[in-house]
Amino acid sequence: MGLLLALAAVLFVDVQDAQAEYGDVVINNHSDGAGMRPVIFPHWFHRVRFACKVCHADLGFKFKAGGNDINMVKIIDGQFCGACHNGEVAWSVENCNLCHSAKPGTPTQVHESTIQKLAQPVGAPQKK
């Protein structure tokens with residue numbers, strides 16, 4: 001049911017420009033394939049509120065952008081982001097555009113500069 005609500009919300013939301021700050025993580029392991037915008041994870045927003053241990057030890061996030069195989073089924077089941085983004089601790093998955101806000105086609109990466117574009121430059125080597 002939650003996944004259906006999330007998909008319905010995607011169809012009726014106003015898509016805004018992508019925004020990311022230094023240290024944010026763009027996650028696009030499955031988004032492009034699912035027809036969704038990639039996720040922008042605001043790392044420092046979370047880091048100032050929680051110790052590293054909360055996400056990287058307790059919730060299992062690896063210390064590598066895209067290192068976890070995260071999908072919406074796992075999130076709805078309470079894994080990874082879903083441990084907090086459950087509608088009780090933080091907003092729930094029905095608010096798709098709050099996370100899925102990167103430009104389509106942006107590869108998984110750590111956003112390293114305040115002037116860096118969130119799209120891969122034409123002809124640039126693919127980041128891993």
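In this predicted model, the count of disulfides comes to zero. The cysteine sulfur closest to that of C81 belongs to C99, at a distance of 6.6 Å, which is too far for a bond; because a disulfide requires two cysteine sulfur atoms within 2.5 Å, the separation of 6.6 Å between C99 and its closest cysteine sulfur, in C81, likewise rules out a bond. As for their surroundings, C81 is partly exposed at 26% relative accessibility, and C99 is also classed as partly exposed, at 24%.

Salt bridges, by contrast, are present, and a search of the whole structure finds two of them. They are set out below.

| Salt bridge | N to O distance |
|---|---|
| D58 and K53 | 2.9 Å |
| K74 and D69 | 3.7 Å |

In the pair formed with K53, D58 is partly exposed, its relative accessible area being 49%. In the pair of K74 and D69, K74 has a relative accessible area of 23% and is therefore partly exposed, while D69 counts as partly exposed at 42%.

A further charged residue, D24, has no salt bridge although it is buried. Which side chain of opposite charge is nearest to D24, and how far away is it? That side chain is R49, at 10 Å, and because a salt bridge calls for a nitrogen of Lys or Arg within 4 Å of a carboxyl oxygen, R49 at 10 Å does not provide one for D24.

The position of D24 in the fold can be described through its loop and its contacts. D24 is found in the loop that lies between helix 1 (2–11) and strand 1, and, when neighbours within four places in sequence are left aside, D24 is in contact with I40, F41, P42, H43, Q109, V110 and H111. Some of these residues can be placed in the sheet, since strand 2 covers 39–41 and strand 3 covers 109–110; the contacts of D24 include I40 and F41 as well as Q109 and V110.

The sheet itself is open and consists of three strands in the order 2-1-3, with antiparallel pairing. Its edge strands are strand 2 and strand 3, each of which pairs on one side only. Strand 1, made up of residues 25–27, pairs with strand 3 in the antiparallel sense over two bridges, and within this pairing V26 has Q109 of strand 3 as its bridge partner. Q109 thus appears in two descriptions, as the bridge partner of V26 and among the contacts of D24.

Methods. Residues are numbered from 1 along each chain as its sequence is written. This is a predicted model: local features need pLDDT of at least 70, side-chain atom pairs count only at pLDDT 80 or more; totals for chains, interfaces and linings use all residues. Side-chain values use heavy atoms; hydrogens and water are left out. Two strands pair if DSSP finds at least two bridges between them. Helices (H or I, at least four residues) and strands (E, at least two) are DSSP runs, numbered from the N terminus. Buried means under 20% relative accessible area, exposed over 50%, partly exposed in between (1.4 Å probe, protein chains only). Lys and Arg count as positive and Asp and Glu as negative; His and the chain ends are not counted. Contact means heavy atoms within 4.5 Å.
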